[in-house]
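Reader: I am a first-year student and I would be grateful for a close look at a single part of this structure. Please explain how that part is built and then place it in its wider setting.

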Amino acid sequence: MWTVVGHTKAVGLLDRAAKSGRVSHAYLLAGPPQVGKMPLALNFAQALSCYAEDRPCQTCPACARVLAGKHPDVQIIGLTADEKSREGRLHKEIRIDQIRAIQHMAALRPYEGRYKVFIVDGAERLSEEASNSLLKTLEEPPPHVILILLTVNDKLLLQTVLSRCLKVDLRPLPLATVEQALVERWQVERDEAKRLARLSGGRLGWALSVRLNGELLQQRAARIRSMVELLEATRNERLAAASDLATLYGRSRDAVDEVLALLSGWWRDLLLVKGGCSDRTANIDWADELAEVARQRTLEQITAFIDLIRETRVRLSQNVNARLALEVLLLDMPAGV
Ligand SMILES: [Zn+2]
């Protein structure tokens, strides 16, 4: 049984591969943060390692060990949760020695199962040196080796790495699917599940992490509040806010991208309000502000600013002058009429 929620097309593809034994040597699971890439990769690793007839069975020792991160033939490489969340380290990368360890282990026969599975979490963080090293394994993979790369942005991967992987795109889940899973599998109360599903934008993992850590929701609300306040701010206040973001960017690129993702989500909601679909907005706690801000802006202003946020995120991923890009963004945020 595949336990990952949703992603039926991807599950179908990987399930057929595991059952038929026609498995590619490298997969790239690409999708937004916390959309379900790791649960899917673990299910696939289970299907490749399981002892039972109907794989993955979720009950045999192999399935249990994969889930617990203790299967000798399934290795996960990436930054620890601690490394990911800690600020103060500029562009933390997956190091070459972590990839060399894969090469070393890949050369050995599997201990128990038919395959050796390597899951590389956050493949966009491979240093160039590490990418080139990984490429050697991708070019001449030992027959029993399966690589599963996970990424939030496949555009940051080397083309030579990309071209050797079978790409599987994971999109946000329908909100009803998130809501139903929260209620049925995690016993979340219906109204709360509905609220979390809408806030999550279809990322079940995000909804689950917020449920365990209420601070994340408060943090989100505080960030949105400061962005809403910027709408009425002076030029100097906007420049100061851009400067703060640029400083944060120096500590953690991911943190800034998260802020911009929030900003983008909020402006997308304005678009929905403008189009008369207020019931579909993600930022349900901001209905009054959304209505007011939407009333004072034209459709053209809103779409142009959403485009600018997207362009800014692309530019920031390309090592531009971050301060300048953020200043342009915040100064161009359309004030009311
Ligand atoms: Zn099993």
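**A close look at helix α1**

Author: In this predicted model, the buried residues of helix α1 pack against two other elements, namely α2 (37-49) and β5 (166-169). The residues concerned are A10, L14 and A18. Viewed down the axis of α1, these buried residues fall within an arc of 60 degrees, and therefore they line one face of the helix. A general rule helps in reading such a pattern: an α-helix has 3.6 residues a turn, so residues three or four places apart point the same way.

The face of α1 turned away from this buried side has its own set of residues. There the exposed residues are T8, K9, G12, R16, K19 and S20.

The length of the helix can also be checked. Helix α1 comprises 13 residues, from 8 to 20, and at 1.5 Å a residue it should span 18 Å; the C-alpha atoms at its ends are 18 Å apart, which agrees. Just after the helix comes G21, which takes a positive phi of about 80 degrees.

The wider setting begins with the domains. The domain assignment divides the protein chain into domain 1 (8-169), domain 2 (174-212) and domain 3 (214-331). Between the C-alpha centres of domain 1 and domain 3 the distance is 34 Å.

The next topic is the nonpolar interior. The largest nonpolar core contains 59 residues, and those with the most contacts inside it are L29, A41, F44, A45, I119, I148 and L149. Helix α2 is the element that gives the most to this core, with seven residues. Both domain 1 (8-169) and domain 2 (174-212) supply residues to the core, so it lies between them. One of the residues with the most contacts, I148, may serve as an example. When its neighbours within four places in sequence are left aside, I148 is in contact with Y27, L29, A41, F44, V117 and I119. Another core, of 20 residues, lies apart from this one; A242, W267, L270 and L329 are among its members.

Some points of the backbone also deserve attention. As a general background, most residues other than glycine have a negative phi, and most peptide bonds are trans. Q34, although not a glycine, has a positive phi of about 60 degrees. Q34 is located in the loop between β1 (26-30) and α2. It counts as partly exposed because 18 C-beta neighbours lie inside 10 Å. Q187 is likewise not a glycine, yet it has a positive phi, of about 55 degrees. Its place is the loop between α8 (175-186) and α9 (190-200). With 8 C-beta neighbours inside 10 Å, Q187 counts as exposed. A further feature is the cis peptide bond that joins R55 and P56, with omega at about -10 degrees. P56 belongs to the loop between α2 and α3 (61-67).

A last comparison concerns sequence and space. L217 is part of helix α11, which covers residues 214-230. This leucine is partly exposed, with 15 other C-beta atoms within 10 Å. L217 and V168 are separated by 49 residues in sequence, and their C-alpha atoms are 30 Å apart in space.

To return to the part under study, helix α1 has the buried residues A10, L14 and A18, and these pack against α2 and β5.

How values were computed. Residues are numbered from 1 along each chain as its sequence is written. This is a predicted model: local features need pLDDT of at least 70, side-chain atom pairs count only at pLDDT 80 or more; totals for chains, interfaces and linings use all residues. Helices (H or I, at least four residues) and strands (E, at least two) are DSSP runs, numbered from the N terminus. The expected span of a helix is 1.5 Å times one less than its number of residues. A residue is buried if 20 or more other C-beta atoms lie within 10 Å of its own, exposed if 12 or fewer, and partly exposed in between; C-beta atoms are placed from the backbone. The arc is that of the directions from the helix axis to the C-beta atoms. Two residues are in contact if their C-beta atoms, placed from the backbone, lie within 7 Å. Domain bounds come from an automatic or database domain assignment. A nonpolar core is a set of buried Ala, Val, Leu, Ile, Met, Phe, Trp, Tyr and Cys residues joined through C-beta atoms within 7 Å.
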